[in-house]
Amino acid sequence: MALVFLALALGAAFLLEKRLYRRRAFRNLSYRCYFSVSEAFEGDEIELVEELENRKLLPLPWLRSDFTTSRFLEFAQTRSVITGKDRYVVSFFLLKSYQKVVRRWKVRCLQRGIFTIDKVSLVATDLLGGCVLSRNVAADASVTVLPDPTLFEETEYHLRHLTGDVNVRQRLISDPFTVAGSREYTPSDPLRLMDWPATARTGQLMIRECAFTTNPSLTVLLNVQSRPYEREIAVDEDAVEDAVRVCSGLLSDTLRENLPVAFGCNAALPGGEEGAALPPDFGHAHIRRILGVLSALPLKRREDFLPWLAQALAGSDSSDIIVVTAYLPPEAAELASSRPGLRFLVTGREHPAPGPEAVWLYPFFQERREGGKTA
């Protein structure tokens with residue numbers, strides 16, 4: 001009889017404990033998930049922080065948090081599962097009464113993008129493991145991974161030759177410090193520009209003719225079309241990603257040279273055309289804005305390369321224009337002869353037509369990939 005009463009008592013205690021956990025397991029339990037920084041570059045190591053606090057007497061002997069993020073965020077020392085472009089991460093906790101636990105994950109950013117953790121699934125059990133309880137918690141953790149500019153710096157292609165004034169065809173006021181030559185004097189010319197050495201040589205009044213100059217400016221144009229004939233989505237993703245890194249390196253160079261830069265691309269950005277074309281400006285805030293556009297850049301074009309390039313060149317008055325592209329058709333290369341200061345940086349497999357206006361960067365990036373140094 002005593003064994004019967006003991007079994008009944010144990011059964012009642014088990015049912016009571018199970019009911020208690022069903023009602024109060026997630027009560028006064030807080031969960032927070034966030035990244036240690038809001039922005040990082042490719043290759044940087046950051047932290048993902050999980051904070052759990054059990055503000056009640058009832059302990060939680062087994063608690064699991066499940067969340068999904070991008071596979072381009074590599075979690076160290078974890079048995080995560082990669083499916084497609086997603087990474088599934090599982091974390092286990094033991095929470096005592098009135099205890100707070102903070103766990104920091106080491107995360108390496110493998111590729112540019114805006115990565116988020118929207119929600120986390122919490123799974124708990126009672127003391128005996130007789131019931132399984134779950135609840136979804138909003139996380140709202142986000143990090144923007146900017147494209148790596150250091151890879152482009154190693155290609156030894158820099159913008160230092162863009163410093164100093166450059167000649168232009170026409171401006172409202174000429175540059176008195178830049179003399180283009182001499183010509184005959186007319187009554188409307190100021191005497192302060194009189195060229196006395198030339199007057200002595202020719203025997204007639206001569207005047208210095210000043211050139212029109214302007215400060216150098218740069219326009220960076222990015223083409224996300226990787227082949228002449230393809231659908232909206234880029235086929236050669238590696239070449240386009242390398243082109244994005246090249247743009248990031250060019251922008252870093254403009255910061256060092258204090259050079260105003262404009263940016264344009266033919267991608268179908270979420271922000272529409274306003275985000276695809278940014279007017280010329282300089283400074284860290286402007287460059288960060290362009291880098292933010294590059295981070296969110298989908299490999300999906302809005303316009304074909306050649307029509308978009310012709311329109312972009314017609315609307316640009318920069319002294320130098322650099323087009324970063326995965327491929328270079330002959331029709332685009334011919335534009336360099338009619339537009340001074342136009343150059344192409346090509347990251348695709350096909351070698352462009354030889355000429356000073358095109359630089360082939362594919363061998364450098366291919367060597368980096370084969371060496372396992374790029375994502």
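# Close-up views of a predicted model

**Figure 1. Strands S4 and S9 meet side by side.** Strands S4 and S9 run antiparallel and are joined by 4 bridges. For a handhold in this view, look for Asp66, whose bridge partner in S9 is Ser121. As with every view here, the coordinates come from a predicted model.

**Figure 2. The open sheet that holds S4 and S9.** Let us step back to see the neighbours of this pair. Six strands make up an open sheet, and the pairing is mixed; read across, the order is S2-S10-S9-S4-S7-S6. Why do S2 and S6 each have one side without a neighbour in the sheet? Strand S2 (39-41) and strand S6 (81-83) stand at the edges with a single partner strand each, so nothing in the sheet sits beside them on the other side. On average, neighbouring strands of this sheet are turned by 30° against each other, direction ignored. Helix H6 packs on this sheet, where H6 touches S2, S9 and S10. The direction of H6 makes about 130° with that of S10.

**Figure 3. The largest nonpolar core.** This core holds 38 residues, and the members that touch the most others are Phe26, Phe35, Leu48, Leu63, Leu73, Phe75 and Ile117. Several strands give two or more residues to this core, among them strand S1 (29-35), strand S3 (45-54), strand S8 (99-109) and strand S10 (132-146). Which strand gives the most? That is S10, with 6 residues.

**Figure 4. The surroundings of Phe35.** Here we zoom in on one member of that core. Setting aside neighbours within four places in sequence, Phe35 is in contact with Ile46, Glu47 and Leu48, and also with Leu73, Phe115 and Ile117. Ala141, Ser142 and Val143 complete the list of contacts of Phe35. Among these partners, Leu48, Leu73 and Ile117 are listed together with Phe35 as core members that touch the most others. Elsewhere in the chain there is a second, separate core of 35 residues, which includes Leu222, Val240, Val244 and Leu251.

**Figure 5. A second open sheet and the helices packed on it.** This sheet also has 6 strands and mixed pairing, with the order S17-S16-S15-S18-S19-S20. Strand S17 (277-281) and strand S20 (358-360) are its edge strands, each pairing on one side only. Neighbouring strands in this sheet are turned by 15° against each other on average, direction ignored. Helix H6 (residues 284-295) packs here too, touching S15, strand S16 (261-265) and S17. The direction of H6 makes about 160° with that of S17. Helix H7 (residues 305-314) packs on the sheet as well, and touches S15, S16, S18 and strand S19 (342-346). Between the directions of H7 and S15 the angle is about 165°.

**Figure 6. Parallel pairs within the second sheet.** Strand S15 (residues 218-222) pairs with strand S18 (residues 320-325) in the parallel sense over 5 bridges. Leu218 has Asp320 as its bridge partner in S18. S18 in turn pairs with S19, again in the parallel sense and over 5 bridges. In that pair, Ile321 stands opposite Leu342 in S19. S19 and S20 also run parallel, joined by 3 bridges. There, Val346 stands opposite Trp360 in S20.

**Figure 7. Strand S19, seen residue by residue.** Are the residues of S19 mostly covered or uncovered? They are mostly covered, with 5 of its 5 residues buried. Both faces share in this: Leu342, Phe344 and Val346 are buried on one side, while Arg343 and Leu345 are buried on the other.

**Figure 8. Ser248 in helix H4.** Our last close-up turns to a single side chain. Ser248 is part of helix H4 (residues 237-257). Why does Ser248 count as buried? Its relative accessibility is 1%, and buried means under 20%. A polar atom of the Ser248 side chain lies 2.9 Å from the backbone oxygen of Pro147. Leaving out residues up to four places away in sequence, Ser248 touches Pro147, Asp148 and Pro149, together with Leu291 and Leu294.

**Figure 9. The whole chain, for context.** The chain has 10 helices and 20 strands. Of its 375 residues, 46% count as buried. The chain exposes about 20300 Å², and carbon and sulfur atoms supply 53% of that area. Among contacts with a separation of 6 or more, residues 24 or more positions apart account for 68%.

Notes:
Residues numbered from 1 in each chain as written. Predicted model: local features only at pLDDT ≥ 70, side-chain atom pairs only at ≥ 80, totals over all residues. Heavy atoms only, no water. Buried < 20%, exposed > 50% of the residue type's maximum accessible area, 1.4 Å probe, protein only. Polar contact = N/O pair within 3.5 Å; in protein donor to acceptor, adjacent residues only side chain to side chain. Contact = heavy atoms within 4.5 Å. Areas by Shrake-Rupley, 256 points an atom, 1.4 Å probe, with all protein chains shown as cover. Pairing = 2+ DSSP bridges. Axes fitted to C-alpha atoms, helices over the stretch in contact; angles between N-to-C directions. Core = buried A, V, L, I, M, F, W, Y, C linked by side-chain atoms within 4.5 Å.
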